[in-house]
Amino acid sequence: QVQLVESGGGLVQPGGSLRLSCAASGSFFIITTMGWYRQAPGEQRELVSTITSSGSTNYADSVKGRFTISRDNAKNTVYLQMNSLKPEDTAVYYCNVHIVTAPFVPGDDYWGQGTQVTVSS
């Protein structure tokens, strides 16, 4: 069984920084793509950033230059460093991890429980 545990959300003033973490645990064969999504009230969930197992990254245009995604494969953990935060970054942030539980099996996407990020003065 796979479990994802997120941490690092909170309240921050505009221009401030936060670092989110998401650790995967359980029994699995390999983790491929890891990423972060967010959902603001009344809005659809949207992609923030992804990182492949080889380290290739992808960012939404709205966060380019401000957010940095990284991962520690030894700890099965993905991070999201968020700088120069804006009120429009306020949302619940969810980590998403694609995990293959056994060889020759396609794998599944797993979601974290979500962590609230509020940017307000």
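# Sheet, strand 7 and salt bridges in a predicted model

A polar atom of the Glu 6 side chain lies 3.4 Å from the backbone nitrogen of Thr 115, where a polar contact is a pair of N or O atoms within 3.5 Å; within protein, one atom must be able to donate a hydrogen and the other to accept it, and residues adjacent in sequence count only if both atoms are side-chain atoms. The structure is a predicted model, in which local features need pLDDT of at least 70 and side-chain atom pairs count only at pLDDT 80 or more, while totals for chains, interfaces and linings use all residues. Residues are numbered from 1 along each chain as its sequence is written, and side-chain values use heavy atoms, with hydrogens and water left out.

Glu 6 belongs to strand 1. Strands here are DSSP runs of E with at least two residues, and helices are runs of H or I with at least four, numbered from the N terminus. Glu 6 is buried but has no salt bridge. Buried means under 20% relative accessible area, exposed means over 50%, and partly exposed is in between (1.4 Å probe, protein chains only). A salt bridge is a side-chain nitrogen of Lys or Arg within 4 Å of a carboxyl oxygen of Asp or Glu. For Glu 6, the nearest side chain of opposite charge is that of Arg 45, 7.8 Å away; Lys and Arg count as positive and Asp and Glu as negative, while His and the chain ends are not counted. Leaving aside neighbours within four places in sequence, the residues in contact with Glu 6 include Trp 36, Tyr 93, Cys 95, Gln 113 and Thr 115. Contact means heavy atoms within 4.5 Å.

Strand 1 leads on to the sheet. Strands of a sheet pair through backbone hydrogen bonds, either parallel or antiparallel. Two strands are taken as paired if DSSP finds at least two bridges between them. In this model, four strands form an open sheet in the order 1-3-8-7, with antiparallel pairing. Strand 1 (2–7) and strand 7 are the edge strands, each pairing on one side only. From one strand to the next, the twist averages 15°; the axes are lines fitted to C-alpha atoms (for helices over the stretch in contact), and angles run from 0 to 180 degrees between N-to-C directions. Six bridges join strand 1 to strand 3 (residues 18–26) in the antiparallel sense, and Val 5 stands opposite Ala 23 of strand 3.

At the other edge, strand 7 runs antiparallel to strand 8 (residues 77–82), with six bridges between them. Asp 72 is placed opposite Thr 77 in strand 8. The two strands form a hairpin with four residues between them. Asn 76, in the loop between strand 7 and strand 8, has a phi near 50°, a positive value in a residue other than glycine. Asn 76 counts as partly exposed because its relative accessible area is 24%.

A second positive phi in a residue that is not a glycine belongs to Phe 104, at about 70°. Phe 104 sits in the loop between strand 9 (91–100) and strand 10 (108–111). With a relative accessible area of 90%, Phe 104 is exposed.

Strand 7 itself has two faces: Phe 67, Ile 69 and Arg 71 make up the covered one, and Thr 68, Ser 70 and Asp 72 the uncovered one. Phe 67, in strand 7 (residues 67–72), has a relative accessible area of 2% and is therefore buried. Not counting residues up to four places away in sequence, Phe 67 touches Arg 38, Val 48, Leu 80, Met 82 and Asp 89, among others.

Two of these contacts, Arg 38 and Asp 89, also form a salt bridge, with their closest N and O atoms 3.0 Å apart. This pair links distant parts of the chain, Asp 89 in the loop between strand 8 and strand 9 and Arg 38 in strand 4 (residues 30–39), 51 residues apart. Both residues are buried.

Asp 89 forms a salt bridge with Arg 66 as well, the closest N and O atoms being 2.7 Å apart. Arg 66 lies in the loop between strand 6 (57–59) and strand 7, so this pair ties together parts that are 23 residues apart in sequence. Asp 89 and Arg 66 are both buried. Arg 38, Glu 46, Arg 66 and Asp 89 are linked in a network of salt bridges.

The count of salt bridges comes to four. One of them joins Asp 61 and Lys 64, whose closest N and O atoms are 3.1 Å apart. Asp 61 is exposed at 63% relative accessible area, whereas Lys 64, at 49%, counts as partly exposed.
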